[in-house]
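Q: Could you walk me through how to read charge pairs, cysteines and surface patches in a model such as this one?

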Amino acid sequence: MKAENLQGDTVVELYLIRHADALALGERGITNDQDRPLSEKGETQAEAVAKALKAKGIVLDRLYTSPLVRARQTGENILRVWSRPELALETCDELMPDSKHRKLSKFLLKSGGEKIGLVGHMPHLGEYAAWLLGAKDAQIDLAKAGVALIQCGELPAKGLGELQWLVTPEWY
């Protein structure tokens, strides 16, 4: 089923998902930020995200994650709850915290998906959302395990997005 806006035009739906709560640097001997796993609270949050999206009837074509452990574990929890074998969690280097927005959009154009989940980090996801909306100075803050839906017409590019909703874990 193709995603469409009110005018009946095909749109790309981007679900920007911030990773769930993670252990602090130094906790359990973790000395590298990239290696920080989800905390117990984070595991619960990731499961809640998946259940909430599923309850709203959201079915993704693609699910991409940053290579960082906490983002990957958030995505893995979402897949586990959804139990959809046809949907794979794919690593996307363009979701790293310091990646360029244009590179991420080019990657997404090649993906061919119309409903795409992106599991990543702040401030990168918030800055990407602002870039998509064409609002350079906008401050879009996703809480840990928060989700924003941005519709982008047929392609995700600067200024072509429209924020549909933004929710925090309390919404679940």
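A: Let us begin with a single side chain in this predicted model: Arg36 has a relative accessible area of 13% and is therefore buried, and the side chain of Arg36 meets that of Asp33 in a salt bridge, with 2.8 Å from N to O.

Q: Is Asp33, with its relative accessible area of 32%, buried or partly exposed?

A: Asp33 is partly exposed, because 32% lies between the limits of 20% and 50%. Asp33 and Arg36 also belong, together with Arg70, to a network of salt bridges.

Q: What is the general idea behind such pairs, and how many salt bridges are found in the whole structure?

A: Side chains of opposite charge can pair when their charged atoms come close. In this structure, the search finds seven salt bridges.

Q: Which side chains meet that of Glu47 in salt bridges?

A: The side chain of Lys51 meets that of Glu47 at 2.9 Å, N to O, and the side chain of Arg80 meets that of Glu47 at 3.5 Å, N to O. The pair of Arg80 and Glu47 links distant parts of the chain, since Arg80 lies in helix H2 (residues 69-82) and Glu47 in helix H1, 33 residues apart. Lys51 and Glu47, by contrast, both lie in helix H1 (residues 40-55), four residues apart, which is about one turn of the helix. Glu47 is partly exposed at 27% relative accessible area, as Lys51 is at 48% and Arg80 at 49%.

Q: How should I read the cysteines, and how many disulfides are there?

A: A disulfide requires two cysteine sulfur atoms within 2.5 Å, and by this rule the count is zero. Cys92 is in no disulfide, because the nearest cysteine sulfur, that of Cys152, is 15 Å away, beyond the 2.5 Å limit. Cys152 is likewise in no disulfide, its nearest cysteine sulfur being that of Cys92. Cys92 is buried, with a relative accessible area of 1%, and Cys152 is buried at 2%.

Q: Turning to the surface, which residues form the positive patch, and which make the nonpolar one?

A: The positive surface patch is formed by Lys100, Arg102, Lys103, Lys106, Lys110, Lys136 and Lys158. One of these, Lys103, sits in helix H3 (residues 101-111) and is exposed at 54% relative accessibility. The nonpolar surface patch, of about 260 Å², is made by Leu109, Leu155 and Leu160; Leu109 is also found in helix H3, and at 47% relative accessibility Leu109 counts as partly exposed.

Notes: Residues numbered from 1 in each chain as written. Predicted model: local features only at pLDDT ≥ 70, side-chain atom pairs only at ≥ 80, totals over all residues. Heavy atoms only, no water. Buried < 20%, exposed > 50% of the residue type's maximum accessible area, 1.4 Å probe, protein only. Patch = residues over 30% accessible without salt bridge, like charges linked within 9 Å, V, L, I, M, F, W, Y side chains within 5 Å. Areas by Shrake-Rupley, 256 points an atom, 1.4 Å probe, with all protein chains shown as cover. Salt bridge = Lys/Arg side-chain N within 4 Å of Asp/Glu carboxyl O. Lys, Arg positive; Asp, Glu negative; His and termini not counted. Charge placed at Lys NZ, Arg CZ, Asp CG, Glu CD. Helix = DSSP H or I, 4+ residues; strand = E, 2+ residues; numbered from the N terminus.
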